[in-house]
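Work through the exercises below with the model open. Try each task before reading its solution.

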Amino acid sequence: MASDDLRATRLEKADQLRQQGLTPYGYRWAVTHHAAELQDKYADLAAGAEVEVVVSVAGRIMARRVFGKLAFFTLQDETGQIQLYLDKKAIEVSMSDDSQAFDRLKQLTDVGDWFGATGTIKRTEKGELSVKVQSYEILTKSLQPLPDKWHGLTDIEKRYRQRYVDLIVNPEVRDTFRKRALITAAIRRYLDRQGFLEIETPVLQAEAGGADARPFVTYHNTLDMQLYLRIATELHLKRLVVGGFERVYEMGRIFRNEGISTRHNPEFTSIEMYQAYGDYQDMMTTVEELIVTAAESVLPSLKIQYQEQAIDLTPPWRRITMQDVVQEQTGLDFRQFDSLAAAKTAAKAAGIRDIEGCDSIGRLLNEAFEQKVEATLIEPTFITDYPVEISPLAKPHRSEPGLVERFELFIVGRETANGFSELTDPVDQRQRFEAQAARKAAGDLEAHGVDEDFLMALEYGLPPTVGMGMGIDRLVMLLCDCASIRDVIAFPLLKPEASEVEPEKS
RNA sequence: GGGUCGCUAGCUCAGCGGUAGAGCACUCGGCUUUUAACCGAUUGGUCCUGGGUUCGAAUCCCAGGCGACCCA
């Protein structure tokens, strides 16, 4: 039967409910128990045994097995499933003023309907824990058929486009989003205990900054001005430290106008945190604690499995400088090079590709790191002491010229967190902004202009401060063993289907 | 950006040049211990879209759309 016919049949059933004086769209149901709670509480109840306790449950009908004078429904709520035992005689006794109570179950309910039931506990002869129903109500009539009860919904595109259907029929999807909520809650609890305040900063900004990324552009009508969606929360959180907040953070949505892949969604969630008086060594320890806390909120052990790979999150994690780890993997000692030409020659000999555009030894070092090292960093590893050229907001290293006090955390070959002792010298910061602005002027779409107000804030004085940013989606992917970022974002961005596209105005 | 693969009933899929199919779901009938309930009978199609080749296209070719995976 075609989709429209299935829908028409269900609309007709809704009308029949109205003719019986009932509404297909109820108002309230007093739930006393959830499925998982009952399954747990009566786990030891013997087959065939009954308990004379009245419970009330509600959920979606996921399966119907109807006999002449007996029916079994599988009811699914947020926690799990429980069977409803629907006995014609029992229902006719307890709903004696409703002569159609049992026939209505057979004729006017469908898989997908929301349903409330009150009754007693009974484990059937076949061993299935059930609610032996005394009274019930159809709470919401569903007009759309659910996917195949056995094969479920496997079409990946349809799962993302109609996530609500995915959530109905794939319990592991519900589990991922439950874990995501537990992870973000655990992170906020941890930071709260450490004395951090969450302060919200603007999404709409006159000048995007704080990262190298193309921004989304939007427009404010009344002010008649172009605005950008933020690509980072960094510059505003640091203004708050200037203002006197010693520990601040924000967990929120970031927007980057870039490609879509299994690891990139144009909007994603980051956390950035700033701590006055600390340096990058302090922050590495905090990151360890933060991620361990998040992992413990959803996993039984710190020895975890990600896509067939075993990873041990037990701290402390390895800390090694970028120069040392590159030397370890390639044999190249970047401290020895006294000219860019010499470094390029050696790098080419070591098999590092596409380095013609590198205009400094520091960028070359980073290129060598990305090509030869990143993918090998499976166990959690902090890489430290980055070249200043690729770290425009980080404080110069206290003893290593040309480097900054910065770390990035890698797990399963992916950048998971990025932090540094913050640059507090406003003159130095201005020079670095101006170097960026020059790149922007030269056509680099990921570079941004000088943020004068931020420089002004630095002139009032930023105390010694360490900051850190981390992608929440990638952390959830790691802890929930998800291969694609779309598996941890409830409604990932998709191109509209052809039929949804409005015709171009010409 | 490049390559490979996919798109057929509400769902999961088969069919690969000759009348569009199966299972589940739906509809009708039967059934008081099922849990992929069962038994019987029906119903259900823009074969992603548009061109082309052909006597004939879901099938072959071209272009486009959406998606997946790999590479850069």
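The exercises cover domains, a pocket, cores, a helix, a cavity and backbone geometry.

**Ground rules**

This is a predicted model: local features need pLDDT of at least 70, side-chain atom pairs count only at pLDDT 80 or more, and totals for chains, interfaces and linings use all residues. Residues are numbered from 1 along each chain as its sequence is written, chains are lettered from A and ligands numbered from 1 in the order in which they are written, and side-chain values use heavy atoms, with hydrogens and water left out.

**Exercise 1. Find the domains of chain A and place the second largest pocket relative to them.**

Step 1. Chain A splits into domain 1 (3-140) and domain 2 (171-317 + 379-494). Such bounds come from an automatic or database domain assignment.

Step 2. Taken over C-alpha atoms, the centres of domain 1 and domain 2 are 48 Å apart.

Step 3. Both domains give residues to the lining of the second largest pocket, so the pocket lies between them. A pocket is found on a 1 Å grid over the protein atoms alone, as an open set of points with protein on both sides within 12 Å along at least five of seven lines; lining residues have an atom within 4 Å of a point.

Step 4. The volume of the second largest pocket is about 450 Å³. Volume here is the space filled by probe spheres set on the points, with grid points joined across faces, edges and corners.

Step 5. There are 22 lining residues, and M62, A63, P147, K149 and V169 are the closest to the centre. β1 (50-66) gives the most to this lining, with 4 residues. Helices (H or I, at least four residues) and strands (E, at least two) are DSSP runs, numbered from the N terminus.

Step 6. By type, the lining has 9 nonpolar, 5 polar and 8 charged residues. Nonpolar covers Ala, Val, Leu, Ile, Met, Phe, Trp, Tyr, Cys and Pro; charged covers Asp, Glu, Lys and Arg; the others, Gly among them, are polar.

**Exercise 2. Which residues have the most contacts inside the largest nonpolar core?**

Step 1. A nonpolar core is a set of buried Ala, Val, Leu, Ile, Met, Phe, Trp, Tyr and Cys residues joined through side-chain atoms within 4.5 Å. Buried means under 20% relative accessible area, exposed over 50%, partly exposed in between (1.4 Å probe, protein chains only).

Step 2. The largest such core has 45 residues, and I187, L191, V287, L313, M468 and L479 have the most contacts inside it. Its largest share, 10 residues, comes from α9.

Step 3. Take M468. Beyond four places in sequence, its contacts (heavy atoms within 4.5 Å) include I271, M283, V287 and F407.

Step 4. Another core lies apart from the largest one; it has 37 residues, among them Y274, C358, I383 and L393.

**Exercise 3. Explain why helix α8 counts as largely enclosed.**

Step 1. Helix α8 spans residues 234-242, and 7 of its 9 residues are buried, so the rest of the structure largely encloses it.

Step 2. The buried set is E234, L235, L237, K238, R239, L240 and V241.

Step 3. These residues pack against β10, β11, β17 (414-421), α13 (426-441), α14 (452-460) and β18.

Step 4. Just after α8, G244 has a positive phi of about 120°.

**Exercise 4. Which residues line the largest cavity?**

Step 1. The structure holds 1 cavity of 30 Å³ or more. In a cavity, a 1.4 Å probe fits but cannot get out.

Step 2. The largest cavity has a volume of about 70 Å³. Its lining is Y306, I411, V412, R414, E415, T416, R474, L475 and L478.

Step 3. Follow L475. It sits in helix α15 and is buried, at 0% relative accessible area. L475 and A294 are 181 residues apart in sequence, yet 8.8 Å apart in space, C-alpha to C-alpha.

**Exercise 5. Is D354 buried or exposed, and is D385 buried or exposed?**

Step 1. Most residues other than glycine have a negative phi, and most peptide bonds are trans.

Step 2. D354 has a positive phi, near 50°. It lies in the loop between α11 (340-349) and α12 (361-372), and counts as exposed at 61% relative accessibility.

Step 3. D385 also has a positive phi, near 65°. Its place is strand β15 (residues 381-387), where D385 is buried, at 8% relative accessible area.

Step 4. The peptide bond from P315 to P316 is cis, with omega near 0°. P316 is in the loop between β13 (309-312) and β14 (318-321).
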